[in-house]
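Grab a pencil and work through these exercises one at a time. Try each task yourself before you read the solution under it.

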Amino acid sequence: MKLERWWNLILMRLRSVLRRGPVEQELNKELRFHLEEQVEENIAAGMAPDDARYAALRRLGGMDQIKEECRDMRRTNYLENLRQDLQYAFRALRKSPGFAAVILLTLALSIGANSAIFSVIDGVLLKPLPYPEQNRIVRVFFTSRTFPKFPLNPFDFRDLRARSHSFDSFAAFTRADLQLSGTGQPAKLNAFRITARYFRVLGLGPERGREFDEHDEIPGNGRLVILSDRLWRTEFHAATDIVGKSITLDAQPFTVVGVMPPGAEHPGNDYHPLGYGDTVDAWWPFTFEGDPNDRGPHYLEVIGRLKSGLKPGQAQAELNGLLAQIHREHNDQNSDWRLRLISLYQEIVGPSERMLLVLLGAVGVVLLIACVNAANLLLARAAARHRELAVRSALGAPRSRLIQQMLTESLLISLLGGGLGVVVALGGVRALVSLLPADFPRADAIHVNLPVLAFTLLVAVAAGFLFGLAPALQISRTDLQKGLREGGRSSTGSGRHTRVRSVLVVAEVSLACVLLIGAGLMLRSFLNLLRMDRGFRPEHVLTASIPLPEADYKPGEAASRFYDQLVTNLSSIPGVKSAGAGSDLPWTGYDENTGFDIEGKKPPPHEGFHARYHGATPDYFRALGIPLIRGRFFTEADNKAAPRVLIINQAMAARYWPHEDVVGHRITFSHAPKEADWARIVGVVGDVKDKPNSSGAEPAFWMAVLQWGNTRLSIVVRADSDPRRVLAAVRREVSRLDPSLALGDVRLMDQITDANISAPRFAFFLVGLFAVLAIVLAAIGTYGVISYSVSQRTHEFGLRMALGATPWDVRRLVISQGVKLAFTGVALGVFVALVLARVLRSLIYEVSSADPLTFTTVSMLVIFVALLACYLPARRATQADPTVALRAE
Amino acid sequence: MGKPSDLLQGTLDLLILKTISLEPKHGWAIAKRIEQVSNDALQITQGALYPALHRLEQQGWVRAEWRSTETGREAKFYNLTRAGRAQLEKELAQWERLSNAVGLVIRMV
């Protein structure tokens, strides 16, 4: 019954709005019927027909008033007003298409840009991660003064897991790629070794089979593997009986125990990093090997799901208590390791947060400027309609009605602009996503979706109110008498109008100035990144990783011999200048550290000597273009039989041997070194920064591959021209040595360096784009105000020229008006930028946030643009014909 | 006696609903009926009647349809809906309570 009533109500309202004609007719007919009945009654009572009619009318009361009241009862009056206002607004827009085009286009661009940036923010920052109850998932790190985020060692992890009560599940994982063979082309798989219940932490479960449990963590309990959905489909044809089957990985049989569903997103990791959401092909169990009393190297990344209701701080406190206990038990009182919990969400999106918020701020400023512009244009038009509004007001239109009309108009404009903005956003988002740095987290979650559309609507409505308010208030304050008296002619343009508009121009010039300064700082920082000394030469360099299956290549002798032979063969390819192999490539996030002792030196208390360690073949440095500063590179003679040798970087030399010649000094990794355990430093190479924007290089050293025997090296091939031309030959050489090997991660070194500056480039490009938009809008605004004031002062200029002023005098008058506005705007803008630029500090590189060059250049540019915007109206002012101007009076 | 427009708005609604509760009536007939039954004590301003009728229609208490009168003219007849009948019950009960209360107070004081 309720429903039926509502339905009828809706029908009735709709009828009142849509079928106004018939509804009005019915009202007339109804009242006429009443009148006629009354007339008849009066006549029957003996009145004359005319008297009877008058009496009846009197009895009923004012016809129009009753009708109006009935309409009010239908609650359609405001709709009716709205319809009229809309019609009026549409007509006004159609009548001045130039005005409409400028205002709609600028709004569409700025609203669209806002929506596009917002959809990035929505996808990256606002959407929860695709793990159930993702806010309970935390990453756990070791932390110390020197290493803010460090992996755990296996047995510390195992003890913490056994003792902690803070977690639903607590797991560790570490990158350990595999070679797949036996299914066609050998392939390198992105793989992780994981502990029991790793997927439970993420809230994921296998599609088929099971995940690993503690039993699988015991060495010797069989080689097991869980496949990704992708790998299962591409390499195993989605075989439904895959669980329990044996497949060949690293030349050894592995039993498949599970298959993960599609969308089992990798949470991102730091050690041999794969970004969040990157493809992981397989997971195999982590096994705890060796002596639990040897706390071993740190390479486990830890992730946990907090018990519900528990704060990360509480869990962190508990873990730190447990860690202190564990250290006491192992007599490791000196350790300054603590534990640090960071929510997975923060870990994934944290690094991009600042940049995205800066972009949102920049694009918001553009919208503000567009609003100021729109307000200015509307004000100009409102001034032209001054008289009409005064008349309407005199005829009894209430103020609220006039304000409503103005706001309807501005809302119509902003909503149309918003509609066009959605189109801009659709294109913009696609462009943005294609521009995003390759390692940007969650790029595939960026879409123009419902929240984005809602945001656009909100922005459009807010903008409409914002730029409609000034004209609406101005109009409502219209002085009736003055409006009517001034009529069409005004000698100087009413003072307050001009003042409001000047304030608006100053505001938009200063906003544009702020954006341009921001863009300028980012440009300088970006140029610094391009120009800086990388420490290596990436041009013409091809890289790839070639991990060796340990079943076929025992770490040590066999592995070293393979790589040595391979780089020798690679160097003889025509077109190859030099080829080397090493543990890692610059700027790829490699971070393996070790402590050591220095012959004849004692570390300060509570600190040790430590550095990042790498491995390299003799030509590795030459191929990468890393310069030798002192001593020598490795040679073929630095093999297993020869004394151990090291090459260190300048940072390590400066940290541990300041003011000394370091070549010839020795270090060791053994606590009780025999003579053979000492490694002699034979060379010093130039520093390579961790990342393009890190302030310096970490201390690091390289071991000779022939003496080290690592099985997971990358190759570096420097060609004399485009390195892609030697790729086929490189592949051939690899498969000639061992046909079961796959070349992984084939990349040009240029691509790697490019990927590392793609984030600052992206930010700079967008802020630059917004800044250009801002200055164009500000120029339009200045032009509009100056040319309006010129048109208002035609008469005055004519008079001046009739009295003997030269065109130059008049021009100076106009331009000085504009320059005054521009100077005020720039001064304000510089001040605001000085305050705000601080938020940019983490985004800019080797530029002060108060960089004088940027600030002066931008100020001059803005003033120049403002002059340009004044020039045209100024010229027009001098063309005023004195006789015409005087006659117009 | 105060002008009939002093009638509380709710009271006018109640009178209208009650008047058409027996059979559908047009505006003129409603006005006449109220005057007649109250012995002309309640002379409603006819002008106030129509906005009230339209409001009741908008609220869904009454429904209107065009029909011929006995004299063959087209008139808009108002009919009580089911919701309107429920509303009438409610308002009647309220009125009873109110007038009883007022009566009590008047007699006691």
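Before we start, pLDDT is the predictor's confidence in each residue, on a scale from 0 to 100. You'll also need helices (DSSP runs of H or I, at least four residues) and strands (DSSP runs of E, at least two), both numbered from the N terminus. This is a predicted model, where local features need pLDDT of at least 70 and side-chain atom pairs count only at pLDDT 80 or more, while totals for chains, interfaces and linings use all residues. Residues are numbered from 1 along each chain as its sequence is written, and chains are lettered from A and ligands numbered from 1 in the order in which they are written.

**Exercise 1. Find where confidence is lowest and highest among the elements of chain B, then look at the chains as wholes.**

Step 1. Helix 1 (residues 9-19) of chain B has the lowest confidence, with a mean of 81, and strand 3 of chain B has the highest, at 89.

Step 2. Now take the average over chain B: the pLDDT is 81, and 85% of the residues score at least 70. Watch residues 1-6 of chain B, where the pLDDT is below 50; this stretch has six contacts in the model beyond near neighbours in sequence. A contact here means that the C-beta atoms of two residues, placed from the backbone, lie within 7 Å.

Step 3. Do likewise for chain A: it averages a pLDDT of 83, with 95% of the residues at 70 or above. Residues 487-493 of chain A drop below 50, and that stretch has twelve contacts beyond near neighbours in sequence.

Step 4. Keep a rule of thumb: where pLDDT is low, don't read the predicted coordinates in detail.

Step 5. For the model as a whole, the scores are ipTM 0.86 and pTM 0.72.

**Exercise 2. Work out why chain A counts as more spread out than a compact globule.**

Step 1. Count the elements: chain A holds 26 helices and 23 strands.

Step 2. Compare radii. The radius of gyration of chain A is 38 Å, well over the 29 Å that the globule rule gives for 889 residues, so chain A is more spread out than a compact globule. (The radius is taken over C-alpha atoms, and the rule is 2.2 Å times the number of residues to the power 0.38.)

Step 3. Check the spans: along its principal axes, the C-alpha trace of chain A covers about 135 × 85 × 55 Å.

**Exercise 3. Describe the build of chain B and the side of it that touches chain A.**

Step 1. Chain B has four helices and three strands, and along the sequence they follow the pattern α-β-α-α-β-β-α.

Step 2. Count the partners: 16 residues of chain B are in contact with 20 residues of chain A.

Step 3. Elements of chain B that give two or more residues to this side are helix 2 (27-37), helix 3 (46-59), strand 3 (74-80) and helix 4 (82-108). Helix 3 of chain B gives the largest share, seven residues.

Step 4. Sort the residues on this side of chain B: five are nonpolar, seven polar and four charged. (Nonpolar covers Ala, Val, Leu, Ile, Met, Phe, Trp, Tyr, Cys and Pro; charged covers Asp, Glu, Lys and Arg; the others, Gly among them, are polar.)

**Exercise 4. Two histidines of chain A have a positive phi: is His237(A) buried or exposed, and is His540(A) buried or exposed?**

Step 1. Know the background: most residues other than glycine have a negative phi.

Step 2. Phi of His237(A) is about 50°, and His237(A) sits in the loop between helix 9 (229-236) and strand 8 (246-249) of chain A. Phi of His540(A) is near 60°, and His540(A) lies in the loop between helix 16 (495-531) and strand 13 (541-547) of chain A.

Step 3. Apply the cut-offs: buried means 20 or more other C-beta atoms within 10 Å of a residue's own, exposed means 12 or fewer, and partly exposed is in between, with C-beta atoms placed from the backbone.

Step 4. His237(A) counts as exposed because it has 10 C-beta neighbours inside 10 Å. His540(A) has 22 of them, so it counts as buried.
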